[in-house]
Amino acid sequence: MSDGQMNQELLSMWKRSMDQGIEVWQKLIGQPQTADISQFVRPLWGQSMDLWTQILQQGAGSPDAIVQWKKFLDDSIEAWSKVLGQAMETEGFARAMGQFMDQYLNTVGPIRKGLQSSNEEFLKTMNLPSRKQVTDLASHLVSLEDRLEALEERIEDLVDSISLLEALVKRGASA
Amino acid sequence: MTEWNLPKPGELTKTLQEETIKNIQRFSRGMDLIYNPKEPQLGRTPKELIHKKNKSALYRYGHGSDRRHAVPILMVPNLGISRPYIFDLYPGSSFIEYIVQQGFDFYLLDWGVFGEEDNGLTFDECVTKILPVMARKVLRTSHARQLTLLGYCMGSPLGVCYAALHPEQVKNFVNMAGPIDFKQAGLFTTWLDKRFFDIDKLVDTFGGMPADMVRVGFKFLKPTMDLSTFTNLWWHLWDEKYVEGFVALNKWANEYTPFPGEFFRQWVKEFYQENKLVKNELILGGRRVELSRIRCPVLVVGAKQDYIVPPECARALIDAVESTDKEYIELPGGHISLIAGRGAKRNVWPKVSFWIAQRSQQG
């Protein structure tokens, strides 16, 4: 018996047991055949299983429902990403972002300037170096470093020239 | 009767069992990440400091006995945006470690983290003052006449400008996901357009380009990135190796660095807005940068799903140079996938390493 046939058998057995169970229950409570909930649930269940079977047969899905759910999540996020990407690549969006940036800078700019000047005044009063003085000092150090580096390079070139001359002199002397 | 393609009963049970175990592991590792976070140990490949210039540093990797190729490699990464330890994430997932294992004499230029005192640093100075010093140090230290310049991302336009101004020093040039034609640079081309973006106002207000604003800009490129990152993290939380990689990459991905003001002003105006590089209109140090002066072998590597530097933006270098030995390869993945991750190790690094190795004998 193949796997598919075995599954069919199992399902048929389950359906028969459900039907028999309902019959027994109805006899027990002496009720005539009334609203049979399984009549409502079974078609839905059947349709869901048919749909899932189609998806599996087309190879688009995984029998593992959890993996399927993760794939659905990934595809949703990707779809959202595409939609947002299309919206953001428009000139309208770029213009709106530019206007927002402009307004933000118009607001932040004066506040920053005000804060900086009041900080400078405070530090001056406390006889402490200001931020500008520290950064200027750093810039001086950087330019000193540059000059040392230039000197180092010239010395290296000089040493190279002397070595070359030495080699030439030695070659000349041996010749 | 309908044939229902159901899983075997045994398979279903096994799947449920596996999923239950994974969920327990997810919970345990998740709690560990939250309550006992470990600082990732990054950049562990042994290195030696060769030279320091202000905030920039030149490092040499590897040991003398392991070096088999005569031509040293100088890697020029992006200045600002992020730190360069992405190239040396952790053992087994390090581009630098891989390259050194292939026998290359490898140098990395770490631009450093610039402060307010560096806001006057320009793109011009980086190419005409810092790069020449570093290249000179590489050649002196390795006793070589020429080097291979490997640029990644923004490091490529920096490196290619240097190569165009000093072609005699460059044996080979490799561009990994570096923008060359800025009219094809995707969303940044639109957003930084001079009609919409006032770069002068930004730099004059802040002095530089703050790291937080750099972060916002990159987050906007892919707003769902964080969501998919954490979804994938939750999905793979049971996998210790995955979590180790995530923690390392996440640290790097959230550590943004600022741009010096004048550098950023020149970068946006002359590259994104006026696209001077590919049009040969860029003037650096009083000299015109002509990409046609590059005649050395050139390799350009683009990433198919790169939304930061679309492949056509990087590929433009192939048409701009006069080299006869030039090659373009496009590989699957995004911007970072060329330099980090399992895909990079499998698809990218061997190709780049092989290409350079074939052209690394001193002339």
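Start by selecting helix H4 of chain A, residues 91-125. Of its 35 residues, the number buried is 1, so H4(A) lies largely in the open; here a residue is buried if 20 or more other C-beta atoms lie within 10 Å of its own, exposed if 12 or fewer, and partly exposed in between, with C-beta atoms placed from the backbone. From first C-alpha to last, H4(A) reaches 50 Å, close to the 51 Å expected at 1.5 Å a residue; the expected span is 1.5 Å times one less than the number of residues. Just beyond, click on A:Asn127, which follows H4(A) and has a positive phi near 60 degrees.

A word on what you are viewing: this is a predicted model, in which local features need pLDDT of at least 70, side-chain atom pairs count only at pLDDT 80 or more, and totals for chains, interfaces and linings use all residues. Residues are numbered from 1 along each chain as its sequence is written, while chains are lettered from A and ligands numbered from 1 in the order in which they are written.

Now show the whole of chain A. Its secondary structure comes to 5 helices and 0 strands, where helices (H or I, at least four residues) and strands (E, at least two) are DSSP runs numbered from the N terminus. Of the 175 residues in chain A, 1% count as buried.

Next, move to chain B and colour the strands. An open sheet of 8 strands appears in the order S1-S2-S5-S3-S6-S7-S11-S12, with mixed pairing; two strands pair if DSSP finds at least two bridges between them. S1 and S12 (326-331) stand at the edges with a single partner strand each, so one side of each has no neighbour in the sheet. From one strand to the next, the twist averages 20 degrees.

Zoom in on the S1 edge. S1(B), residues 47-53, and S2(B), residues 56-61, run antiparallel and are joined by 6 bridges. Pick B:Glu48 and you will find its bridge partner, B:Arg60, in S2(B); B:Lys52 stands opposite B:Ala57. The hairpin has 2 residues between the strands, and B:Asn54 takes a positive phi near 55 degrees.

Now add the helices that lie on this sheet. H4(B), residues 155-165, lies across S3, S6 and S7 of chain B, running at about 150 degrees to S6(B). H11(B), residues 311-320, touches S7, S11 and S12 of chain B, and its direction makes about 170 degrees with that of S11(B). Angles run from 0 to 180 degrees between N-to-C directions, and axes are lines fitted to C-alpha atoms, for helices over the stretch in contact.

For a helix pair, select H6(B), residues 199-206, and H10(B), residues 261-273. They pack at an angle of about 175 degrees with their axes 10 Å apart, which makes them roughly antiparallel (over 145 degrees). Among the residues making the contact are B:Ile199 and B:Val203 of H6(B), and B:Phe264 and B:Val268 of H10(B); contact means C-beta atoms, placed from the backbone, within 7 Å.

Last stop: two loop residues. Most residues other than glycine have a negative phi. B:Ala177, in the loop between S7 and H5 of chain B, has phi near 50 degrees and counts as buried, with 30 C-beta neighbours inside 10 Å. B:Asn280, in the loop between H10 and S9 of chain B, has a positive phi of about 60 degrees and is partly exposed, with 14 other C-beta atoms within 10 Å.

Methods
Angles under 35 degrees count as roughly parallel, over 145 as roughly antiparallel, 65 to 115 as roughly perpendicular and the rest as oblique. Two residues are in contact if their C-beta atoms, placed from the backbone, lie within 7 Å.
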